[in-house]
Each structure stands twice: as structure tokens, then as C-alpha cells.
Amino acid sequence: MDEKRPLSFYILGAFFVLFLIFLYGPTFTIGILSFQGPQGGLTFPMRGVSLHWFDQLFRQQAVGDIWGAFRRSLLLGLMVMAVTVVFSVMAGMAFRRRFPGATVLFYLILASLVIPSILVSLGVGLIFSQAGWRIHWASSGFGAQLTWTLPFGFLIMLAVFNRFNGAYEEAARDQGANTWQVFRHVVLPLIAPSLIGVALFGFTLSYDEFARTLLTAGSRNTLPLEIFGMTTNVTSPVLYALGTLTTLFSFGIIAVFLIVALTVQRRRARRASDAGKGVA
Amino acid sequence: MRSLLDLELVSVTKRYGDAVAVNAVSHLFPAGKYVCLLGPSGCGKSSTLRMIAGHEGVSDGAILLDGRDISHLPPARRGTAMMFQSYALFPHMTVLDNVAFSLKMKGTDRATRHRRAGELLELVGMSHLAQRLPAQLSGGQQQRAALARALITDPQVLLLDEPLSALDPFLRTRMRTELKRLQRELGITFIHVTHGQDEALALADQIVIMNNAVIEQAGTAREVFNAPKSEFVARFMGGHNVIALGGRRHALRADRTRLVVPGAGALPGISDGIDATVTSYEFLGTHVAVGLIGPGDAELTAMLPEESFFAAPVEPGHAVRVGWHDADLHQLDA
Amino acid sequence: MRSLLDLELVSVTKRYGDAVAVNAVSHLFPAGKYVCLLGPSGCGKSSTLRMIAGHEGVSDGAILLDGRDISHLPPARRGTAMMFQSYALFPHMTVLDNVAFSLKMKGTDRATRHRRAGELLELVGMSHLAQRLPAQLSGGQQQRAALARALITDPQVLLLDEPLSALDPFLRTRMRTELKRLQRELGITFIHVTHGQDEALALADQIVIMNNAVIEQAGTAREVFNAPKSEFVARFMGGHNVIALGGRRHALRADRTRLVVPGAGALPGISDGIDATVTSYEFLGTHVAVGLIGPGDAELTAMLPEESFFAAPVEPGHAVRVGWHDADLHQLDA
Amino acid sequence: MALPALRSWLLALPVTAVLAFFLLLPIVMIVIVSFWGATEYSIYPAFEFENYRYLFGSAVTWRVFLQTFIFAGTTWALTLVIGFTVAYFLAFHIRSQTWQIALFLLCTIPFWTSNIIRMISWVPFLGRNGLANQALISMGIVDQPLEWLLFSNFAVTLAFVHLYTLFMVVPIFNTMMRIDKSLIEAARDGGASGFQILTNIVIPLTKPGIMIGSIFVVALVMGDFITVRFMSGSQTANVGRLISNDIGLLQYPSAAATAVVLLATVLITIAIMLRFVDIRKEL
Amino acid sequence: ASTLGAPMIWAQNIQNITLRQVGTGVSNLNEIAQKVKEDLGFTLEMTALDSDAATQRAATQPGSYDIADIEYWICKKVWPTGNLQAMDVSRIERYDQIVGIFKDGRLTPESTIAQGTAPHTVGFVDGPGSTTFVDEQSGWMTLIPTIYNADTLGIRPDLIGRPIESWAELLNPEFRGKASILDISSIGIMDMAMVCEAMGEVQYADKGNMTREEIDRTIAIFTEAKRAGQFRSFWKTFDESVNLMASGEVVIQSMWSPAITAVRSRGVECVYQPLREGYRSWGGGIGLSAGLSGMELDAAYDYINWYLSGWTGAFLMRQGYYSAVPETSREFMSENEWGYWFEGKPATEEIVSPQGQVLEQAGAVRDGGSFYDRMGHVACWNAVMDENQYMVRKWNEFIAA
Ligand SMILES: Nc1ncnc2c1ncn2[C@@H]1O[C@H](COP(=O)(O)OP(=O)(O)OP(=O)(O)O)[C@@H](O)[C@H]1O
Ligand SMILES: Nc1ncnc2c1ncn2[C@@H]1O[C@H](COP(=O)(O)OP(=O)(O)OP(=O)(O)O)[C@@H](O)[C@H]1O
Ligand SMILES: [Mg+2]
Ligand SMILES: [Mg+2]
């Protein structure tokens, strides 16, 4: 770029950096405190510096079962993710044409987004206990989380299909593809990037969901509940170690994602090079 | 002469809710011809084409191809293939895979379908770009790829909805020559929707002019251009003046419209014309189009060879007389 | 004759990173003329226009208007106004508010700015639609609104980037007449970017042909069409054949290219031409374009009046002889 | 004609079923239970208005609802200003899409760490001896630790802003990206200054995104109970906390009654906001 | 089943038995589960919850646990739901050795019974399936006591710098912005009552069962203090109390004994200050889910008997709690540990936590002295009052004030 950026760029840039610092405030604190010495606690001052708590993270805690809860949260997150993706796509497809009841359903889905999570938790818990069903993270908890992830997935799919060019499907049908083939070979690959977004969204929302699982998890805790339960005893910087690892892990994933994206981009660009071919 | 492979519309109607987009249209598309569907925006061209292709249901009437009623068959079983306006190439597949798509859907094995797709790419001169993604192609290349994809199903009728409108003028002229060549080589029917009359004239063996959901006139390019039936056709085809004489309307080709500057004396063989005023002129390279206002505020255009125009230029505001050979006047139906 | 109001580019360069989009272009745009910037895609037309408008910085060189260097002024203070390709009408404002926008920015009071905006809408014939939102207008109406908005600042130079490309062919021809009329009435400079040579020919007092980031040729429409300097200009303007004779290249207008069917005897005054084969013909209404292949696979076109073509039609594959009047041959620079 | 509708219904069925069972039914249940009675340890079916009578009769209810609205209002205003600015920066000042994505992802990383852990870490960050106070003191801005940084309404609002600004950034950014850049140029051509472009073009055209973000933020803040508890050191209450306290004490009918009122409040608020934007069109 | 094959089948099947225990993190410790696996062979699955959630589970989700580890005052609420089953004391080997507090309310035959929901008042029912508590030892127990303690105020002597002797100090303006109490209404109100009584502001007939008027006055006093900015924060979980104290946000607050230990193990000075007015006490116990039967029930009884047999008691006592059968724990503790933790004697060598952290140096004496000194000065127990609902509403008002 041979032009100077305007002053507003620097002012807004500074604002953005401040915003980032603010966002990362807790993350920094967690990062620093996770290196507490073995005698240290959850607050300042630091008592020595060590990797003690990272080591402890992989051992058994006094209370609770972080890794068991982690596995459950992971599994639940994956279940929620899969169902969110599939159901959202289906609903998104349904909404591509008008059908009687569409508006009502649309507002129901919106309502699902804005209804306070504790109400869902309370309601689902009540239903299950009044009906005498067993409350379990994979049934009631799963359902309660879906009321949160589905609307997000659905809205994203709605946006995606709003911009989806129907000519691709017509072309595929013209080429003899049946309904399923049209979906499998044309629609699905084209919306795949957005599906990754929906999946990530679904997983993250589920993985960190506290309120909706509070009364619906049953006998075994998900990770957020477990961490909350752990605070009923002496919790140690192990939690911070977990936080720091999570952050590093996310950085890793994003880095991998960017690298893959860039490589694919570059490979495609190379394939499209006209070098030595003469202009057609 | 009617061949078995003809495509026939029998009183085909398309309604969207209350609106009638195509109103009981009947027409026989002769086999192996290049047909252009021409008409102003919203006249029902696309709807007609999409009904033939099977992407739109027929509200009334029947579509016959090869003697069978195809109006209720799925698109792929009609013997038609469609090339879409913006080509609708699958952006996530290479050109080769795009072309081989319909064979893949049929379950043809990989080697066979790639070989066949390769042949069609060869036909449209795109073999060297088989591995590109559509986004990496220029407009003209995309068009050829789309053409190859449409042709791989061996259609009897190829339907093209404004295939050239996404190209720049330079490319447009080149691609239309190629389309015409391809049609001639393949010998199948092309039905090409456009709203450019020059495109239709250049390409079509038969031009079908639609207006307000019905067909106004159908015929060869020369018939339509030289003998427009209605004022609408004459105006829409361009290059015509419509002149009211003795209560009847007549079409007069603009290039047969002569200008006589008052006082310069009549030209031999030119009938006594009408008075007009020059409003503008446009240089078109070989010709100059002179805009005129005649009696009753009628807009007229005289198309003069540039050398004769510049030999005796007129400026806006000049009073002139407009004349013609009587043989060039063509009486209109309505 | 150089007037104070002229717009002058002095060795203007635009670089995007390493790529040079406009390479040391110098040109004098005479005041009050309709200038068309013509050239193939990517040649730097838009970049040039946007530098003049001030939406793109100048990498090197200067832009002078009215004797002042405007190259570092903000867009609104340059005395230019721009009409954008897709019109860029503010979708949340009525037509009237769109037109009145720049006055509002200046702090002009409501009554005054609405009055003035009303006048401009009057000028472009849009008064009755003043309260509509842009989305409620057709393409042609949007264009007029955009024009009114650009003109309200009383610019000395109006810049138009492909103003007609979003319209259908019918509307395109009508709107170009209106643009031309408006320019003539206002008497200000219009710089109009297009890649349609017919558009440029029809509109321009001066055509500036760009290629590869530089100006290839500039001149009146007739100069450029009748005396192309280079093969590129000849080919790009269309309607020309480029013929190599005696080691030099010559341009020959397609409508001055004659066909002689072997055995029919030479035509009077036609020089001894070259052998060629007919490859195609396109009916263009008043004319028929016959495609030919000459010696060395040179592609040629002969534009014949339709009546003379159909009097003695040739078919693809026929061998013919191509002739011309020597006076029609125009020798090219390169 | 009926066939496409049937197809759509079938496709929408799973979502409908999930929401019917896990959203509608529970809400119906809550409404029903809000008329029930409770003992210390159990709830019994009844049809009494006692829960509502108490709820509306208590000054606490009104105060807590007011507090909830105050939190929603301040958080909304702050997230709007911050979110808009950030989105504006990303949309109009960052030119390459790769950078936009990268910066955006950078903003999301803190949210991958469990919210509970982050809540705990506010104490060492904002506390009397926390990072923030230490930094302020060492920079000489204050000489006494600021007490109100933690366990205060300030802290609650701060945490809300921290949690929910991104919900504002995303929709605003999304709408901004769809503003045709030539509109900005056209405005500049018309002589608009940067600020005039902002007020006359960018803000009006970003309204749908602003509304969608606002709906998110308001709904989330009004339904929160955990942030308020942690960040105020249990010293402030909002409606969510009333409900969660009641739940903790097994007073489900009372919780349900409060929930019904909260639900009505949220739905009315959101319905009002929806009047200003057609979400389906703006997505 | 054939008697012959039984022992072998038992030994095999017991591997497959899993008992699910819910409770707070105070006693739901993984090391106990591990030891159970070692000693008894079956799997004990521990789910730690905060106290509200634990109560909820116990009361509303009977299917989600086999064993509930709850406090006695919570038992008063949960028992009537019928989610728990009474235990046959004849199957409890060390029933006789259980401390008197849990049987007749008296630590020693001469002690007076403290106010509040004393454990023995909700410790027995008149038979299996009954939901009414009885006052005498009926042979059917509701909860088997596990741990209990006497709570008082924790202080930071380094930051206070003078002796603290009365509960009344909690509202001393000197500590404005540096005090805290517990935000669990049933427990918090007791702390409040201790304070108000110590200040001489309110005289209670029974702190464990206040009248509306008493509740009003108590809450009013605290509301005023809250408005004046007396409190830095309230806390609800163990961890919060530790963090508040360790970070110096708070210098005086009601606290739990092991929390003090935790603060101290971080090298922060912290004292569990015995006060003139006595202690507020609490006790926890494990109850069996009503659905438990057959082999699982047998395993649960095995677990209870094992629990009382000493290892667990010693393990918990080393963290500052007391065990229901102290004598058995003695066998699992060193003389030094027993002397320090139970008898209130000066440590003869370092006192080490179960996790191996050094808690005290030789010579240190436990705050509050011996078991009898502490448990003998209990002023009241955590309670559920008759006016509980009224109290809870008032408490909410206090929080929202
Ligand atoms: N899916 C549809 N629903 C409702 N009306 C439609 C639909 N498709 C087309 N129409 C209407 O039917 C009429 C004919 O449309 P059609 O697309 O066939 O016109 P067209 O001749 O192809 O026009 P264009 O040149 O603009 O493409 C128009 O009035 C159009 O508005
Ligand atoms: N913002 C930009 N960044 C980088 N390169 C650019 C940018 N804008 C234009 N270019 C490049 O500069 C060259 C000239 O572009 P310009 O838009 O001026 O062409 P044009 O003549 O207007 O073409 P078209 O007829 O397609 O509009 C092109 O190669 C283009 O790719
Ligand atoms: Mg169409
Ligand atoms: Mg351009």
C-alpha cells in the first residue's frame, strides 16, 4: 500500500488493542497464576514459580473428576454439535420455501434464543422429575442444551440459504441428480464451510454451558458443573492450569486452521497459474 | 417439414399465483435449428424455457418432444439440457468433474466418465483447463465449461438462458460465433433466450418474439427484421421507423431512410417524404444514426453511411426532409 | 485550444503493491467534452477515473484541473463528481434525500436543499419519483437519480464508471442518448468509462483507448475508427480487418471489404485481393457479416449489405476472393 | 402444492420436536407449577395465586426487576459502543479478509476457557491486591487500591461487557461487511466528513445488526444469575438470582412464578425490539 | 441362591457394583473412593456439587444417586420427600461408639443441648418408610454422621492486629468493607443471630427457631450494616471464602475450619478465632437412597461400617473436621496428630496435611483447643426454622438491599 492510513485507523486500532487487553485480562491472570509454586493459591501473591499445577492437572484431584467430566463434556459437546448441524441444516432447508406454520416456528426458535437459560433448566428439570424420568446429561442435559445451540445453528443456516444460489441445484437436477444426490454432491459441499462454523458454535456453546445443565445433568457432572462443584472444597491453581492449556490449545487449533486454509488457497492458486500455457 | 425430433408447445400456460407469465403459447420448434426467444424483460421468456427444461411446472397445456409428452418428466429425463445464465458451474468441483457430473450421478465408472468429459472439453477447446476450478476461469472459459457440461447428456434440445449476458461486448461477439458453430456441428436444437435483438439476428435460424406472455411473431431472422408484423416487433427489433401514412402504420428501415436538406432538391426515385427536425446524431463507425422528430412528435432515425453524413453533416436543430423509396415501406398489421 | 477548465493528467501512475495499474499516463481532457475511456478489462480505466475522483491516491504524477493540482484534495473539493457503476444510491434515503445529500453535508437548510434537489430531479425527469426509495426504482430510474445526485455539486467534471452496464440493451441505448443530451445541455466535461466500443463511438467527442496501463490512442470517434494507430486499436474498435501486405500491416474496414466469387469477374475499381474461405455468416439486420479465413489463418470479416449478400449468398466452405479499394487501406504504426 | 409443504414440515420436524419438548413443554410446566404450592421439601399441585401475590406484593421484586433493567441497560449501552467501534475497525480498517478472520478468532479465544474459571480469576485481576490495582498504583494513577473494581455493580457490568460484547460485534460486523463500499465513496464524493459518513450512512445501514446484537445482549443479561452472584460478591440481586435462590431452597413454585414474570418481561422487551428489524431479511 | 457358591459370586460381583455418592466437595473426596476400592472392592463414584445443588439432587432427583452426603439441617428438608431410606442400626457395627451428639444430643451426659437443628432431632425415624422424626433412638437412623465441626469467625491477625473475642466484631465499623458472611440463608442467619446476640441487640428465645419479629430485627441490623458498606462480599462456596481471606479482600468473616487450614497452608496468617459466645455447629452424614436394595444396599452398609472404622475419620480429622467415632480414628493417627487435632495439645512435631503439606510447626496449638472444648461450646446448630420460608424471603431482601 503506498497510501498512509488515516489517523482514525490508529485511534481505532488502539481501541481494538485495549479491547483485546480487556478480553484477555482474565486469561492473562489465569496464565500467570497457573505457574504458581506448589504452595500457591488462586490469588496473588505468587508463591514461587513452577509447573507443579500442570503436573497436578493430570493426577487425581482431591475432589471431583476433571477428566471424567471433560470426557462427558466433550462427548456431550460432540453430540450437541452433530445434532445441531443436522437439524439446523434440515430446518434451514425447510425454510427455503414458505410453508404453513413457518412464521410460528420461526418465532418459537427466536424465543428459544432469548428465553433465560435458567428457565429452560428449571422447566426441563421439573418435567423430568414430575414424569419420574431419569435426569441424565445425555438426555435432559442434551435436550436443554439443544434449545440453545439449535437457534444459533438455524439462524446461521437461514443466512446461508438466503444467499444460496438455487441455480446450482437446478443444474444438478438437470444433470440427472436425484434429490439426495443434489444434496450430497452439490448443496452439502457448498454449505460445508458454514457447517464448520455451526459445528464450532454448537460445540463451544455446549462445552461451556452452565445454567442449562445445572438442573438437568443428573448424577454425573459436565465440566463446568464439575469445576463449580470443585469450588466447594479447596480448589487449587489446577483450574488455572486447565484454563491455560485450553487457551494454548485454542491457539493451536486456530493456527492449524489458518495454515490449512492458507495452504489450500495457495495450492489452488498454483493450479490456476497460467504460466507457460499461453493465453486462451 | 415436420420431423419426429421437433419440440412442440401446445397451449402452454404458466401462472404464478394470479399472474400469468406465459399465456397459452403454442409453437413448434423445428429440430436441429438455432432458435432465439426474444422479448422485453418480464415477457415470459425464462418461464417458457424453464418449463421446457422441467424446472418449472406447466400450469396448463403440454410440451411434446419427439412425439412424447414430456411435461411431467423430471428435467434429466426429458432429453433437454439447460445452460444457466451465470453458468451455475459447481464451484467446488474442477471443470472436469463439473462436466462429468451427470455421468457420476448415473453411476458411470470414473475412467469412462472422465474420458467422455475429456472429449467434450476437447470439443469446446477447454482440455488444457480441465483441472481448474470455475472461479479460476474467465467468463468465456466458464461458458464453454458450462456448455460442455450441458452437452454431455447428449440432449436433443439445448436450452440457454441469456448465455452471453455475463460477458463483456468483445467476448460476447466471439462466444456467439462459437455457439453458432457448435450448434451447426452438433445438429441439435438450441433454444436461446436473449433480450438483445442483434444477438438474435446474428444467431438464429428462427426468431420467436414474445411480448406480454404471448408470441408476437416467429420466423427467420430476415423475415422478422424485414417484415415485422406489428409495431411492437418493428420497434423492438430496432433499425426501423414507424410512420403513419394514410391512417396505416408502416415500418421503414432506418438505413433506407433518406435525408434531404431543404433546398438541395429531391433525390431520384425517392418519394416525397415528411418534414422533420434533427435532434441528435450518433457516430456508429460505419454509419451515423441521425435522430429526428417528425410530425406528431414521432421519433425517427435515419442511418446514414458515415462518409455521406460527414460529406453533408446536419446538426441538431436543422430542419430536414425525410424520404424513402416506396418499395421500402412495409405495412404493419396493427 | 486549451481552456482553463481543462483536466490534465501529468504522468500519473498508480501502483497496487508491485502491480502497475496505470503507467505514467499523461493526457489533456478538453473542457466541456464528452470523453470515453475505452479499453479491455483490467487495462486501468477505473483506476484512472478513481484517481481523478480522489477515491484512489496517486502513486506518482499530478492531476490538474483548472490549473490547480487537485491530486491531494479530498474528493468533494476537487470539482469532480462521480457516478458509480451500480449507482451507489443510499438505500435508506428517498431519492430526494439522496440527491440532497451533499447539500445536507454542507449544512444547507432543508428547504433550500430540497428545492435544489427538486430542480435536478426535474432535469433528469424524475420529479414524480422523489419520495421513492432506491429499491423501488427500475434500473434506468436509479441511474437518473444517481446522475442527479452527482450533478447537484455543480461539478466541472462528471466521472462515470460503466454507467450503462447494468441496463438491458434496450434501455442502454435510450439512456446513452439521455447522457449525451445532458452533457450537451450542461456543457461540462463527462469522462465515461466503458468497454463497449459502440457506446464510445456513439457518445464520445473524444475517445481515449487504454491498454496495458497506458493510453494507446486518443482522438475523436471518427479519427479513432477511421485511422486506428495500432493493430490493437483496429481490432479493439471492431469493424476492421487487419491485413499484412508487403511486410506492413494495414487496417481495412469490414464494410469496405468486398467479396468476389471466383469466376464472377473483377469489380470495377477493386484492387486485386487475396484468397479466402468463408467460415460463417451472421445476419445483422441491415448487413450480413461474413467470416473468412485468409492466408496464414488470418481471420477476416466482410460486412455486406444484406440485400447484396442474399442476392448472391455464400455458404461456409465457399472459396472467395477478398478485395478492396486501395484508398480504404489504412497503414498501421505497428 | 401440498407436497413441498409436507417436505418442509418433515425437514422442520426435528427442530420443532426438540423445541416442543425441551422448550415449550418446560415453559408450560413452569407456568403450571407457578400456581402450585410448596413445603420445605416438596411441591404439590394446587391452583393458588399465593406465589404471584407475594411476588408482586414484595418491594424486593420491584427493586430487583429495576436492578435487572439497569444492568441490561448499562450493559447494552456499553456493549453497543464498544462492539460498534470494534466491528467498525474490523470491517472498515482491516482490508484483508484473512486478517479480519484472524483478529476475530483472536477475540474468541478467551471464551474457550470455562466461564467459571474466568469468573474465579476476576478476583486476582480486579481485587484489592489484583493485577489491575497493582498496575494502577505502579503507574501512579491512584495511591489507594480501588475497592469498587470488584464486588460491585461496576464489576458485574464489567463482566457482562466482557462476556457479551462479542455478541454485539458479530452481527454488527456482519451487516457492515454488506455495506457496499461505493456507498462510502459516494458519500465522500458528496462532501461528507468521516463523522458525517458515520452518522448518515454507516449507522443507519448498520441498524439491523445493532438490533440483532442488542437482542442477544439484552436477553442474555436479563437471564443471567451467575455473573451477578460472582461479581457482586452476592451483594446484588437480579431476577435470575431470585429464581436460582428459590431453586436452591427447593421453592420451585415461587421460582416458577418469578420465572413466568421474567419470561414475560424478556419476551415483551424482545418483541418491542423486533419491531425495528426483520431478522429473517437481515440475516 | 445356593449358599455354597455365594462367597465367590459375591467377590466377583462386588467388582461390578458402583455406588454413586453426591455431596459437596467438603467430604466427597476422591481419596476416600480410592480407599473404598482398595478395601471393599466396589466402586464409589463421587460427584461434588455446591450445597444448593446437593440439596436439590437429594430432594428432587432420587434416581441420580445411591448415597447422599448431606448436612443434618438439610436432612430435615429432604427426609420428608421419602427419597432416603432409614438405616437399621443393628447392621451398623460401631453404632454404640458414635458420639452422643448424634444420638441424644449430649456430648457428655452433663452437657446441655444446643439450639437449632441438633443432629439427634432429625437422626431417627420410627421405622422403615416413616417420614416423621422421633426424638429417641428408635433403631432406625436417617443419616450416619460422617463429619462435623464447630464454626466460628476466621480472622487475619496480621491485618487486624488486636485480639478478637466476640461475634459482635463482625459488624465493627473498623472492618468496613473487609467483612464477609455466608450467603446460605439457613447458615447465614445463624451467624447473624450470633452477632446480634453478642451485640446485645436481640435476645432470642431459640436462635434455631426464630420468630418473625426476631428475624426482622436481625435482618434489619445487617441490612443497615450492608448499606453502610460493611461487607466486601458474601461467599457461598468453600473456595470463595478461602480466596477472599487469602487475597486480603476480607479480614474477618464466618468461615469453616478446613478453609482456615487452606489459607494457612498458603503461608497466609489466619486464625480460627474461638469466641466468647461459643460456636455455631454443623454436622454432615450419609443417607441411603430409597431405591437402594439387594447387593447394592449390602455394599452401602459395608461402606458405612468401613466409614466409621477409622481410616476415613483420621483422614478427615487431619483436615480439621471431627469424626463420628473418634476413637477408631486414633488407630490411624500418630500420637502427635491425635494430640494436636483432637486433644488440643501442642504439636510435638510438624503437622502435615493428608496431601503432605506442612500445616503447622512443632509447638503449635489448635485454635479453640480440644474436641471437648470446641464441641462443648456449641451455642447452636445450623437449622431449619418453622418460619423458614419467611426467613428466606427476608434473606432475599437483605441480598437485594
Ligand atoms: N417464481 C416466480 N414467482 C412469481 N412470479 C414470477 C416468478 N418467476 C417469474 N415471475 C413473473 O413472471 C413474469 C415472466 O417472468 P420471466 O422470468 O419468464 O421473464 P423474462 O422474459 O425471462 O424476463 P427477463 O428478460 O427479465 O429475464 C414476470 O412478470 C415475473 O415477474
Ligand atoms: N484495489 C486494488 N488492489 C490491487 N490491484 C488492483 C486494485 N484495483 C485494481 N487493481 C488491478 O489494477 C489493474 C487495473 O484495474 P482497473 O480496475 O483500473 O481496470 P479496468 O480497466 O477498470 O477493468 P474493468 O474493465 O474490468 O473494470 C487490474 O489488473 C486490477 O487487477
Ligand atoms: Mg429471464
Ligand atoms: Mg473498471
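User: What makes the shell around ligand 2 three nonpolar, six polar and two charged residues by class?

Analyst: The classes are fixed lists: Ala, Val, Leu, Ile, Met, Phe, Trp, Tyr, Cys and Pro are nonpolar, Asp, Glu, Lys and Arg are charged, and the others, Gly among them, are polar. The shell includes C:Tyr16, C:Ala21 and C:Cys43, and by class it has three nonpolar, six polar and two charged residues. A residue belongs if one of its heavy atoms lies within 4 Å of the ligand.
This is a predicted model: local features need pLDDT of at least 70, side-chain atom pairs need pLDDT 80 or more, and totals for chains, interfaces and linings use all residues. Residues are numbered from 1 along each chain as its sequence is written, chains are lettered from A and ligands numbered from 1 in the order written, and side-chain values use heavy atoms, without hydrogens and water.

User: Why is the pair between C:Lys45 and an oxygen atom of ligand 2 called a polar contact?

Analyst: A polar contact is a pair of N or O atoms within 3.5 Å; within protein, one must be able to donate a hydrogen and the other to accept it, and residues adjacent in sequence count only if both atoms are side-chain atoms. The C:Lys45 pair lies at 2.8 Å, so it qualifies. C:Ser47 has a side-chain N or O atom 2.6 Å from a ligand oxygen. For C:Tyr16 and a ligand nitrogen the distance is 3.4 Å.

User: How many residues from chain B and from chain A take part in the contact?

Analyst: Chain B gives 31 and chain A gives 23. Contact means heavy atoms within 4.5 Å.
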